[in-house]
Amino acid sequence: MAVRSGLRPVPGTELAGRDWELSLLVRKARDAALGEGQAVLLRGPAGIGKTKLVAAALDELDTVAATVLTVTCPESGSSAYEAVRALFAPLDLTGAGLPDGSARLALPALEPGGAEGAAADTYAVMHGLHWLTAGLTADGLVVLAVDDVQWCDETSLRWLGFLLRRAENLPLLVVMTQRTGRDAPRPEVLGEIGATLTCLTLDLEPLGPQAVAEVLQARFGASPDEAFVRKCVEVTGGNPFLLDRVVTQLRGSADPRVVPDATHVPALDEHGREVVARSVLDRLPAAAFAVARAIAVLGGEELELIAALAGTQPGPAAAAVRALRADDLLLPDRLEYTHDLIRHAVVDAVSAEQLHALRERAATLLNDNGRAPEEVAVQLLLLSGRPQPWMVNVLRDAAVVAENRGAPAAAARYLTRALAADEDSVAVLGHVARVLAQVDPKAALGHLERALDLVTDPRRRVPLAVQYALTSLTSQNSLRAYALAESVLDRFDEAVGGTPSAQDRSTRTLLESVLLLSGMDEKATVRQVGERFRDAVPPQGDTAEERQLLAMLASLGTLQGRPAAELAGHARKVLSIGDVTPGGWAVLGAVLTLYLADDVEPSLAALGDLMEHAQRRGEAWTYTLGASTRSLVLLWTGNSADGLSDAQFAHDIITQEAWGDAGAMPQAALAAALIRHGEPARALQVLDSVRRPRLDRFTLEYHWVLMARARALAATGDGPGALEQLLRCRDSLAEADIANPVLAPWWYEAAEVLAGLGRSDEGWAGIEEAEEGAARWGTARALGMVRTARGVLTPGATGIDLLAEAAEILAPSPAKLEHARAEFLLGRRLFHRGDAEGARDRLRRSIDVAVLCRDKLQLNQSLPALAEAGGRMRRGTASPADALSGSERRVAEKAAEGATNREIAESLFLTVRTVELHLTGVYRKLGLKGRAEIAEALSEQP
């Protein structure tokens, strides 16, 4: 084996009556070794034999597993990722052993003292740990055994869930033991893990009479009487640990020759009462019990620290330790109890006041000995009452370490405890809000509201308002954020007056940008923000703050439908520097303007940089936004194949993440791409999966979802259903005062739907309004789409002339899909007029463009129309690569570039097994024998 770290089972106990459970664990491990990721959750009360069973199973796996990593979680509490660090501790992750590739993102969690610098992204760290584990599986089966998982630190526990969601095709077995009982903790995350399809939950039952008889036979060397066995089952409840303690007590009684017969049943009954507590307490002198208490509080520490906590010297403390080990109460190699039941017995014998004093003293000793802040903070979290000033400092330092590890939930716990010392500390309120924004944004907003109530200085309120606005974007609270930011900005302007300093100007610029961002998030405030910034002068874009404001102003102007050429100039300036602000909002804002203005190349370049930045840092949400947006841009230029690839991957990411329900853009993008790919029914299924609350209140996603649904319904022949969606889009845009004609061109789609329903007259109102907006926006696409819509609604030669104008305007533009559509509509009208030759010419043009765009939707209409007009299909208008799904195509492209399967998986946030499956599909569909032929096959497409 490459690595083997083992659990230490409770000494002296027998593994009896567990043959079936043991064989099940071994069988699950063998299944996992075949590349079928498995998890087993062993549950049962204290002493039932969970640890013993897992240890025995691990011994059985010596010939199967390449890497076995184990950890026992302490009840006394753990710092962020402590269980993860303990699991991977046997590996050499320093020097030459440092992980590479995406696994390097795991370093903040693995470094003992915590990483320095900027806070790590939680997803990135977990993504890195996943790839670290996946790398280990290259050598064979990896077994991760987590004992007492109910006490596992939350961050490590969440990572286990993260890992198991991606372990379906990894040779990985995760075994967890969970203590059950009335007082046992039940972490919510653990419940989610246990409910997954890959996790088998196994409840260990008490030992029955036959198993108890086997244990007694082994311990006494004689066959036990049936009455003795029954009494053992009665007094121990079939608990292996209690059975061992009862037998040990009985054999240590006055008559060492006692045998398990009926005459000793009364003695057995006596020894069964409170056996654990008596085995610990009855024989200990006061000095030894003080050491026992210290070990119960600081188990696993050095003897000198234990002695100091016990109020004695190392010499007497060592003697007490020897006495405790002589009674099998302590492990032979470290200062920890052989079982938590014993530790509980010691703790239960200490009053609440004494225990509080002990824990406070323990924290003080750890701090005075220079221990890491998180180690001290773990003890401080167990205290009640108001923390002392030094404790607050430690808790805040621990929070910084946890935040830098990518463990915001742990950081929030430390800071919440620090707030008990001063609930009006603005610095702590702001810090706890920052970390909570990642895991509980609503709670974060509550802390920021409190901080804003406490701060009266207008300048000091600005950073809090900015933080509030950015947090609100993920918690659907932008309406409140907009009102707050507007109020803070007005008070700031009053305080600064007419001669602001350079710092004041920078501060104001930042606040204005988030005010715009908040105001454009939901439809209800778009009109308000437009009125407020009606006369705003765009900044030069010399600083990051100015570029972010410039991007937001360009986005606002885009929604309003102001001239595209003017706005595109501002947007290009935003992207000229190439800096990526948190969340990528400046890039995404500038891209919205540029691609709608048909300035595509800088849009694609900026999105590529944004996605590369997100992939490098493991920021899946930003990557998803970038991929979804790039899909829309690619579709905008007629690149349906690549648009489908990006959309499919964005959708794949959100479907495997807990935060997937917060999105709608990946679904809208995928649906739009599937429609062009000739799969409108599947597009409707994707749209039905959208779960974002209050979707109809959002400025962009709602209209994109409506447009995608309308196009899908129209493609399936449901004209009335499509029209209903389009009119809903019309009303929503008007409600939000969004005037850009091409953002969600309902009028363009409605013209053809209405014509097909024989209701052409109803389309003119929308066309006239769109024509005014198109003239103002000024792009060839917008003007050509208006001509197309007019041509569809206008009968006779005039309509044909309008469609011919549309085709001429659209031909040189990036609007390839619209151009193919205009040529098709013109060809069909010419054929109906009797001009078959002219119809064939136009339909072939439509087909040529559609083939280049991989627009199967258009091909499915243009090809039959050409045949009806007496034309034949030209050669070379199809490619075998058309059969590839979006995911297969993107994997194939990466493979053609020379990337390994692991490199492909890391860059696309997939598993290696998923990449292998996609490549198998590529080989089958393209008729390839192997990887070397992929590049040539892809290059053969038109």
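Reader: In this predicted model, in which loop does Arg854 lie, and is Arg854 buried or exposed?
Author: In the predicted model, Arg854 has a phi near 60 degrees, a positive value in a residue other than glycine. The loop that holds Arg854 runs between α42 (836-853) and α43 (856-868). Because burial requires under 20% relative accessible area, and Arg854 has a relative accessible area of 8%, Arg854 counts as buried.

Reader: Where is Asp598 placed, and what is its relative accessible area?
Author: Asp598 is likewise a residue other than glycine with a positive phi, in this case near 65 degrees. Its place is in the loop between α29 (585-596) and α30 (600-617). Asp598 is buried, and its relative accessible area is 15%.

Reader: Which residues does Gly238 contact, leaving aside its neighbours within four places in sequence?
Author: Gly238 sits in the loop between α9 (226-236) and α10 (240-251), and at 1% relative accessibility it counts as buried. Once neighbours within four places in sequence are set aside, the contacts of Gly238 are Ile48, Pro206, Leu207 and Val233.

Reader: How far apart in space are Gly238 and Asp333, C-alpha to C-alpha?
Author: Along the sequence, Gly238 and Asp333 are separated by 95 residues. In space, taken from C-alpha to C-alpha, the separation of Gly238 and Asp333 is 29 Å.

Reader: How are the axes of α17 and α18 oriented relative to each other?
Author: Helix α17 (residues 352-368) packs with helix α18 (residues 373-380) at an angle of about 170 degrees, and their axes are 9 Å apart. Since angles over 145 degrees count as roughly antiparallel, the arrangement of α17 relative to α18 is roughly antiparallel.

Reader: Which residues form the contact of α17 with α18, and how do they divide by character?
Author: On the α17 side the participants are Arg359, Ala362, Ala363, Leu366 and Asn367, and they meet Glu375, Val376, Gln379 and Leu380 of α18. Sorted by character, the residues of this contact are 5 nonpolar, 2 polar and 2 charged.

Reader: How many residues does the largest nonpolar core have, and which helix gives the most to it?
Author: Within the largest nonpolar core, the residues with the most contacts are Phe88, Leu129, Trp159 and Met176, and the core has 250 residues. The helix that gives the most to this core, with 10 residues, is α13 (residues 286-298).

Reader: Which residues does Met176 touch, not counting those up to four places away in sequence?
Author: Met176 is among the residues with the most contacts inside the largest nonpolar core. With residues up to four places away in sequence not counted, Met176 touches Ala39, Val40, Leu41, Leu42, Val146, Val149, Leu160, Leu190, Ile193 and Cys199.

Reader: How many aromatic pairs are there, and what geometry does the pair of Tyr123 and Phe162 have?
Author: The count comes to 5 aromatic pairs. The ring centres of Tyr123 and Phe162 are 5.3 Å apart and their planes stand at 80 degrees, so the pair is edge-to-face. This pair links distant parts of the chain, with Tyr123 in helix α5 (residues 122-136) and Phe162 in helix α6 (residues 154-164), 39 residues apart. Tyr123 and Phe162 are both buried, and the geometry of their pair is edge-to-face.

Reader: What geometry does the pair of Trp747 and Tyr748 have?
Author: Trp747 is buried at a relative accessible area of 5%, and Tyr748 is buried at 11%. Their ring centres lie 6.1 Å apart with the planes at 75 degrees, and because planes over 60 degrees apart count as edge-to-face, the pair is edge-to-face.

Reader: Against which helices do the buried residues of α37 pack?
Author: The buried residues of helix α37 (residues 746-756) are Trp746, Trp747, Tyr748, Ala750, Ala751, Val753 and Leu754. After α37 comes Gly758, with a positive phi near 75 degrees. The helices against which the buried residues of α37 pack are α35 (701-715), α36 (719-736), α38 (764-777), α39 (780-793) and α41 (816-833).

Reader: What does Arg790 contact, leaving aside its neighbours within four places in sequence?
Author: Arg790 lies in helix α39 and is buried, with a relative accessible area of 19%. Leaving aside neighbours within four places in sequence, Arg790 contacts Trp764, Ile767, Glu768, Glu771 and Leu802.

Technical notes. Residues numbered from 1 in each chain as written. Predicted model: local features only at pLDDT ≥ 70, side-chain atom pairs only at ≥ 80, totals over all residues. Heavy atoms only, no water. Core = buried A, V, L, I, M, F, W, Y, C linked by side-chain atoms within 4.5 Å. Buried < 20%, exposed > 50% of the residue type's maximum accessible area, 1.4 Å probe, protein only. Helix = DSSP H or I, 4+ residues; strand = E, 2+ residues; numbered from the N terminus. Contact = heavy atoms within 4.5 Å. Axes fitted to C-alpha atoms, helices over the stretch in contact; angles between N-to-C directions. Parallel < 35°, antiparallel > 145°, perpendicular 65-115°, else oblique. Nonpolar A, V, L, I, M, F, W, Y, C, P; charged D, E, K, R; others polar. Phe/Tyr/Trp six-rings, centres within 6.5 Å; stacked < 30°, edge-to-face > 60°.
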